[in-house]
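Biologist: I should like to request a close look at a single part of this model. Please describe that part first and then relate it to its surroundings.

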Amino acid sequence: MKKEILAALYAFRNIKHMIIQLPTQLWEIFLPDSIKGLALLETNLIILKRREKTRNKVMAIQKLCGFPLRPNASLRETRIKARLEDLKRDRRYRNYSDDLSDEE
């Protein structure tokens, strides 16, 4: 492995955290051959981490609301569906509580 790649590796924090868990003999397989490739890999890792956070939020909302789990659904649509479901439940609760107060 080239020395300049190893020296540049420590500037890329996400790659360093990913690669540090592997034995150093395997680094040559997983790391690109150029510094430009390292930068591209770093940006891809950042994008994938953002997507993972969004996916986790979507799945948490879906699980909380009892929706079927669809992790690739957009966060915006999932929030809208959850809000609509909340409004429906609120309306049902108010109608039920109004019925109870009328009977008294």
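Modeller: Contact here means heavy atoms within 4.5 Å. The model is a predicted one, and the part chosen is aspartate 33, which lies in the loop between α3 (27–30) and α4. With a relative accessible area of 65%, aspartate 33 counts as exposed, because the exposed class begins over 50%. Once neighbours within four places in sequence are set aside, aspartate 33 is in contact with Lys2 and Ile5. Lysine 2 is separated from aspartate 33 by 31 residues in sequence, yet the C-alpha to C-alpha distance is 8.1 Å.

The other partner, Ile5, leads into the interior. Ile5 belongs to the largest nonpolar core, a set of 10 residues that also includes Phe12, Trp27, Leu31 and Leu38. Helices α1 (3–9), α2 (13–19) and α4 (35–65) each supply at least two residues of this core, and the largest share, three residues, comes from α1. Phenylalanine 12, one of the core members, touches Ile35, Leu38, Ala39 and Glu42, residues up to four places away in sequence not being counted. A second, separate core has five residues, among them Ile61, Cys65, Leu75 and Ala82.

Glutamine 62 offers a contrast to the loop residue. Glutamine 62 is placed in helix α4 and is buried, at 4% relative accessibility, whereas aspartate 33 is exposed. Beyond its neighbours within four places in sequence, glutamine 62 is in contact with Phe67, Pro68, Leu69, Arg70, Pro71, Ala73 and Thr78.

Conventions. Residues numbered from 1 in each chain as written. Predicted model: local features only at pLDDT ≥ 70, side-chain atom pairs only at ≥ 80, totals over all residues. Heavy atoms only, no water. Core = buried A, V, L, I, M, F, W, Y, C linked by side-chain atoms within 4.5 Å. Buried < 20%, exposed > 50% of the residue type's maximum accessible area, 1.4 Å probe, protein only. Helix = DSSP H or I, 4+ residues; strand = E, 2+ residues; numbered from the N terminus.
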